[in-house]
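I opened the model to look up a few things and write them down. The notes follow the order in which I checked them.

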Amino acid sequence: MQKTITNDNAEHRGIPKRIGISVVAICSVIMMAVLVLHENQFADPQDELIKKVIACTIILLANIVFVLLYDKITVLPVELWQNRRLIWKLSKNDFKTRYAGSYLGIVWAFVQPVVTILVYWFVFEKGFNAKAQILSTGLEVPYVLHLTAGMVPWFFFNEAVMNGMTALLEYNYLVKKVVFKISILPIIKIIAACFIHIFFVCFMLVICIGYG
């Protein structure tokens with residue numbers, strides 16, 4: 001019995017503080033080494049030195065803050081990792097039930113943004129005669145690529161933020177009636193929005209490949 005309780009407590013502690021700080025410190029050293037060793041031949045050496053000093057100072061300050069506030073900073077990541085299976089199940093269920101009442105079902109989740117992009121493209125490029133952008137290299141980039149590259153991340157950002165803000169209200173039956181970690185509710189909405197976002201990132205890449 002004593003051994004079982006000890007194992008349970010060790011599992012819920014998450015990553016030991018010493019290991020967490022060591023990993024962050026090693027990553028910081030690698031980042032600073034890359035910054036210091038990197039050389040930009042087209043930049044002013046004095047400006048580059050100032051930038052490197054500032055960047056390394058920011059990294060050191062971030063490490064100090066991380067060490068001082070380790071317990072508060074790592075609470076949420078540890079909770080998300082411990083409840084990863086529940087989060088994944090709720091995210092898939094949220095995505096399926098959101099469009100369950102629509103005529104096309106889940107298909108509508110992918111069709112609606114495509115239609116929106118097509119409408120914007122037709123109105124601005126055909127109606128307002130939006131022209132292609134000429135890059136400094138002389139490459140002509142069609143307007144639809146600029147539009148898609150801006151709209152795709154905006155769709156994800158808008159859906160994740162708006163649904164994440166109302167997650168507590170939507171899942172109020174979990175918040176009020178049972179002991180539930182409410183910190184995982186917003187991430188459920190963000191992961192559910194990722195399903196559509198991944199599809200549209202692939203869609204955007206296909207358009208870019210099509211235009212060469």
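**Disulfides**

I looked for disulfides first and counted zero in this predicted model. A disulfide is a covalent bond between the sulfur atoms of two cysteines, so I looked up the exposure of two cysteines as well. C27 has a relative accessible area of 40% and is partly exposed. C194 is also partly exposed, at 24% relative accessibility.

**Overall layout**

I then went through the secondary structure of the protein chain, which comes to ten helices and two strands. Read from the N terminus, the order of the elements is α-α-α-α-α-α-β-β-α-α-α-α. The chain has 212 residues, and buried residues make up 24% of them. I also checked how far apart in sequence the contacting residues are. Among contacts with a separation of 6 or more, 68% are between residues 24 or more positions apart.

**S28**

Next I asked whether S28 is buried or exposed. S28 has 7% relative accessibility, which is under the 20% cut-off, so I recorded this residue as buried. S28 lies in helix α2, residues 17-37. I left aside neighbours within four places in sequence and found S28 in contact with I59 and N63.

**α3 and α4**

Two packed helices are described by the angle between their axes and the distance between the axes. I looked up both values for helix α3 (residues 45-68) and helix α4 (residues 70-82). Their axes come within 5 Å and cross at roughly 80 degrees. That angle falls in the range of 65 to 115 degrees, so I noted α3 and α4 as roughly perpendicular to each other. Which residues of α3 and α4 meet? From α3 I listed V65, F66, V67 and L68, and from α4 Y70, I73 and T74. By class, the residues of this contact are six nonpolar, one polar and no charged.

**α6 and α10**

I repeated the lookup for helix α6 (residues 107-127) and helix α10 (residues 185-210). Here the axes are 10 Å apart and the packing angle is about 50 degrees. I therefore wrote down α6 as oblique to α10. The crossing of α6 past α10 is right-handed. On the α6 side the contact holds A109, F110, P113 and V114, and on the α10 side F195, I196, F199 and F200. Sorted by class, the contact of α6 with α10 has eight nonpolar residues, with no polar and no charged ones.

**F200**

I singled out F200, which is found in helix α10. F200 has a relative accessible area of 3% and is buried. What does F200 contact beyond its neighbours within four places in sequence? I found A109, F110, P113, V114 and V152. V152 is 48 residues from F200 in sequence, while their C-alpha atoms are 6.3 Å apart.

**Y211**

My last entry is Y211, in the segment after α10. With neighbours within four places in sequence left aside, Y211 is in contact with P142, V144 and L145. For P142 I also took the separation from Y211: 69 residues in sequence and 8.0 Å in space, C-alpha to C-alpha.

Technical notes: Residues numbered from 1 in each chain as written. Predicted model: local features only at pLDDT ≥ 70, side-chain atom pairs only at ≥ 80, totals over all residues. Heavy atoms only, no water. Axes fitted to C-alpha atoms, helices over the stretch in contact; angles between N-to-C directions. Helix = DSSP H or I, 4+ residues; strand = E, 2+ residues; numbered from the N terminus. Parallel < 35°, antiparallel > 145°, perpendicular 65-115°, else oblique. Left-handed = near helix turned anticlockwise from the far one by under 90°. Contact = heavy atoms within 4.5 Å. Nonpolar A, V, L, I, M, F, W, Y, C, P; charged D, E, K, R; others polar. Disulfide = S-S within 2.5 Å. Buried < 20%, exposed > 50% of the residue type's maximum accessible area, 1.4 Å probe, protein only.
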